[in-house]
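Q: Could you take a close look at one part of this model for me? I'd like to hear about the salt bridges and what surrounds them.

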Amino acid sequence: MRKVAVAGVGLVKVSEHWEKAIWGLFAEAALQAMKDAGTGDVDSLYVGNMSGSLMQDQLNMGALMADAVARPGLHAVRVEAGSASGGVAFHEAVKAVASGYSDCALVAGVEKMSDVLPEVAAKSLVMEEEQEYSAYTGVTKAGLSAMLHRLYMELYAEPSEVGMMAVQSHENAVGCRHAQYPFRMSIERAMDSPMEADPIHMMECAGVGDGAAAVVLVPADAGGVEVAATAVATDYCSLAMRDDPLTLGAVQKAAEKAYRMAEVKPGDIDLVEVHDDYTINGVLSLESLGLVEAGKAAKLVAEGGAARDGMIPTNAFGGLKARGNPLGATGVYQVAEVALQLRGAAGDHQVEGAEVGLAQNMGGLGSTCAVTILRRLGP
Amino acid sequence: MCCDHSEEAGAMSVPRYWREEVPRYRLLGEECTGCGTRFFPARPVCTVCGSTEFKDYKLAETGEVVTWTVIRNPPMGFEKYRPYVVALLELDDGVRLLSQVVDVDPEEVQAGMRVEAVFRRVKEDGSAGIIQYGYKFRPVVE
C-alpha cells in the first residue's frame, strides 16, 4: 500500500446558501481544493452526502458531481454513512489512492439543508437510526443524545460543565471565515436557552446549515501532510443493545485501529476535531477516543482544557456547534481543518507546533465512526 | 404542495406496517434457542452465541425507566403529540427497549419509575395514510 498525502483543501462557509443548488455548492469546494492542490488532474471522486435523497430527491450523486465540475469519465460515487458520510468518503478515497487504483482522488462532502422545513431536517437526522423500533417511538437524534446526557450528569458532571463544550466551540470559532456562527456564546445563554430534548438545551445543539468541503489526495512524497491512518468501525444501532451506553464502542474501536495504524498513542495527538453535534457527544467522544479518562471530559472542557492552548486542543475552528454541521459534509470539513493546522496555515486558529492531528466523525448516535489521523511530513 | 410532499414522505408503506404488527401489538420478541438470550425486536443472528435459531418470546409488560428525555421538536408525523417523553426502559425480564412513556407529566418522570405496557395510537400518516398503533408505556399506579 502506498502512503497518501492531502495535497489541497477547499472550504465553503457553512451558511444558508439559498441561491445555490447542491451541485453548485459542491463545485465551489471542489474547485477550491483542486486550485489549492495545483492540479485538476483527478481520476476519482468520492462524494460524502447524507440526505440528498430526502432533501433534494437526488440519487446517483457521484455522476451529478462529476458533471458539475465538467469531468465526465471520472470514477465517481456517493458515500452514505449517515452523519459520518464525509469521514467514510475520505476513508474510501484514501484506500483508492493507497492501493494504486487512483493517482489523484477528490473527496468532497456536501449537504444542503436549507431546502427543507425544520421537521424534515429532524426526520433526516432520525433516519440515521433503526426505523421500525427506534425512530418509531418518535425519538429524535437530540432525544437519543439527551438520554446519554442525563446518564452522564447523574454520574459525572453538572449541566453547565457539559454545556461548556458549546461555549468553547464558539470561542474557538471567532474569526473563522468558513464558520456558520463565528461569535462567542456565554454559558448563561446556553443554559437559559429553551430545552430541545431535556436535558439538552437548544444552544447545545449544532444548527442546520448548507456546506461543502473538499480535499485532494495524492501519493505521498517527502513533504506536506500525510494520512497516517484512517479507520471505520460500527456499533449496535440501538442504545437498548449497548452494555454501557456511555461508551461509544464504534469510536473506541475506530480510534484503536487508527492509533495502531499510525503507530501513535492518544498522548501523541496534538489537536482533535470531535463530533460535537450535541455537547454530550463531544464530551463522550473525547473519552471514547482515549484522550480523556471516562467521566472526566466535561470537567476538563469546563476548565479550559479544550482551548487551543489547552491540554487537548479541540475543535479549533468551532466544531459542529459553531463552524456548523452540514451532515454529510462535516467529516470532510474536519479533515480539511486538521490538514490546515498541520500545514501551519490555520491563521488565528493555529495550534502552535501541531504535528499530529485527529478527526472523528460519527454517524447515528455512535453507530458508525470514522477516525482519521494526519501527520506533518518533513521539517 | 409542501403539505402534500411532507405527508407522502412521512407515510409508512403497508408491507412495512403489516410485517411488524404482531411484535408491536403483542410485545413479541424472540429467545435464542442456543443460549436463551431474549431480544426485542427479533433479530437474524444472536449477539451472544451467533445462533440463528429462535423461538417466540413474549416480553414482560412491566419494567422501569433507565434514562429518558422530553421531545420538544419532533420529527415529521409526531408534531401533534409534543411534548412527549421517550425513555430507555428495562423490563422485569431484563430486556431493554425504547418507548414513549405516556399519561405522565414529563416533570414527574424519574430513573427507576415503574411502568407498564399500554396499547396506543402512535401516529397518522397524513389524511389518507395508515393510522399506526403499537405499544407505549405508562406509570404503574401502585
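A: Here is a walk through the salt bridges, starting inside chain A and ending where it meets chain B.

First, the ground rules: this is a predicted model, where local features need pLDDT of at least 70, side-chain atom pairs count only at pLDDT 80 or more, and totals for chains, interfaces and linings use all residues. Residues are numbered from 1 along each chain as its sequence is written, chains are lettered from A and ligands numbered from 1 in the order in which they are written, and side-chain values use heavy atoms, with hydrogens and water left out.

Over all chains, a search turns up 32 salt bridges (a side-chain nitrogen of Lys or Arg within 4 Å of a carboxyl oxygen of Asp or Glu). Take A:Lys3, whose side chain meets that of A:Glu226 at 3.2 Å, N to O. A:Lys3 sits in the segment before β1 (4-11) and A:Glu226 in strand β8 (residues 225-234), so the bridge ties together parts that are 223 residues apart in sequence. Helices (H or I, at least four residues) and strands (E, at least two) are DSSP runs, numbered from the N terminus. A:Lys3 counts as exposed at 54% relative accessibility, while A:Glu226 is buried at 4%; buried means under 20% relative accessible area, exposed over 50%, and partly exposed in between (1.4 Å probe, protein chains only). A:Arg375 joins these two in a network of salt bridges.

Now for A:Lys141, in helix α6 (residues 141-155), which pairs with A:Glu128 at 2.9 Å, N to O. A:Glu128 lies in the loop between α5 (118-126) and α6, 13 residues apart from A:Lys141, and both residues are buried. A:Lys141 also bridges to A:Asp277, with the closest N and O atoms 3.3 Å apart. That partner is in the loop between β9 (271-273) and α10 (279-288), 136 residues apart from the lysine. The relative accessible area is 2% for A:Lys141 and 3% for A:Asp277.

On to chain B: 34 residues of chain A are in contact (heavy atoms within 4.5 Å) with 43 residues of chain B. Three salt bridges run between the two chains. One that pairs A:Asp198 with B:Arg72 has its closest N and O atoms 2.7 Å apart. On the side of chain A that touches chain B, α5, α6 and β5 (195-197) each supply at least two residues, and the largest share, seven residues, comes from α6(A).
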